[in-house]
Amino acid sequence: MPDLNAVRLITRKRDGHALEADDIAALVRAYTDGAVPDYQMAAFLMAAFLRGLDATETTALTRAMLHSGTVLDLSDVPGVKVDKHSTGGVGDKVSLVLAPLVAACGVPVPMISGRGLGHTGGTLDKLEAIPGFRTDLSIPEYRDVLERTGAVLIGQTAEIAPADGLLYALRDVTGTVESIPLIAASILSKKLAEGIDALVLDVKTGRGAFMKSQADARQLGATLCRVGRQFGTPTVALLTQMDVPLGRAIGNGPETAEAIQLLRGQTPAGGPCPDVLEVTIALAGEMLHLGDAASSPQEGRRLATAALEDGPAFGAFQEIVEAQGGDLGALENPDSLMGKPVAVLEAETAGFVADVDPLALGYAAVDLGAGRATKEADVDHKAGFVLNKRPGERVEDGEPLAWIYASDPARADLEAVRSAFVLESREAGAANAPSAPRPLVLDRFDGETWETRSGE
């Protein structure tokens, strides 16, 4: 192939032309090797952001990023390996419950997860709230834990899709993050490299999600499914609502504690979390179906519900935590992961909680220390909130709305948390009660079309 002419490719994309797959592969390879400087790749990303990438280009970009590093082969591990990816939300601790749950039902789950991003939390940070839990396993250790426990949860290694790490860092500082083709290539290059046979996607929509509109969320889900299937990987997407926080806990230690309590069949500190279980069981049903453990997603949901209620899921989580160096004692005392509350937000009037803004709480959690203001910053694993009241629930004057946790009490900002709550003063009674919450699982995409699931 002739020497790469990056300017020619940038200009062609700037002018709205489609690029050849070989050209995209050469550009990604040259950038990963350091032959193309950041300023040229930034120009290409902006051209792609503004002009878009068609399906063929998106697949080509995904392939180039995927093969920029090691593509794991787990064919010698028995079973159909299935992973799940969420596009991010506030209070989304689903992976912590889902991975051991699916593993307990006989489907191996190799999961490479991320850290917190913006107002959303990250699975790795939540797991590291468990003392000693290692997310930095080597590839041989990753394989060993998967074979022994049926599931493994680690971070992206230097060997896996290095082009994605470089490109994402550049997108983050050039205003090119919110591009559906670029998002799809980033997600799938990592997921396809981890050795999976099938993938289930939780594509969130609403004000607490990165994709605020349902139209954009559906487009992203369809793109991910279609590109995943181009690589021979069965891929299904569920569209789920992210207009209020998921569950009652927000922050790494609080969310991990809530997940442990759900796995143990206990009611979490703030109260029941049927929304977390609804999303978890729906995703588990899809994973068990793709993993050949269930004849249909509906049958998969029944199997997952039984495994959660009867205890095998918690047993699987114990095995994972022990295999990855975590302190099993924390699973017996999950409240230790967040300590005692440093402040309590109390209601200033009686009535009903009409709304809780997930975006406001997500950013408040970051300010409290649960997230990172810079890439180099450490997180406070104890920092976060537990909601005593959620939308639709009645509250009395002076009753706690939320408990605030942090290692540094000085960082607790009650007014920032209060701003997320909207209370309506109403007399008690069925006629005045808020309407029932909307279903969380809205639609399903299996590679062809979206179908409504909320009526099931």
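**View 1. Buried face of helix α14 in the predicted model.** In α14, the buried residues (under 20% relative accessible area, 1.4 Å probe, protein chains only) are Ala313, Phe314, Ala316, Phe317, Ile320 and Val321. Viewed down the helix axis, these buried residues fall within an arc of 155 degrees (taken from the directions from the axis to the C-beta atoms), so they line one face of α14. The helix, a DSSP run of H or I with at least four residues, numbered from the N terminus, covers residues 312-323. Its 12 residues reach 17 Å from the first C-alpha to the last, close to the expected 16 Å (1.5 Å times one less than the number of residues). Just after α14, Gly325 adopts a positive phi of about 85 degrees.

**View 2. The largest nonpolar core.** A nonpolar core is a set of buried Ala, Val, Leu, Ile, Met, Phe, Trp, Tyr and Cys residues joined through side-chain atoms within 4.5 Å. The largest has 76 residues, and Phe385 and Phe421 have the most contacts inside it. Helix α12 (residues 274-290) supplies the largest share of this core, 9 residues.

**View 3. Surroundings of Phe421.** Residues up to four places away in sequence aside, Phe421 is in contact (heavy atoms within 4.5 Å) with Leu345, Val353, Asp355, Val356, Leu387, Lys389, Leu401 and Ala402.

**Notes.** Residues are numbered from 1 along each chain as its sequence is written, and side-chain values use heavy atoms, with hydrogens and water left out. In this predicted model, local features need pLDDT of at least 70 and side-chain atom pairs count only at pLDDT 80 or more, whereas totals for chains, interfaces and linings use all residues.

Notes. Helix = DSSP H or I, 4+ residues; strand = E, 2+ residues; numbered from the N terminus. Buried < 20%, exposed > 50% of the residue type's maximum accessible area, 1.4 Å probe, protein only.
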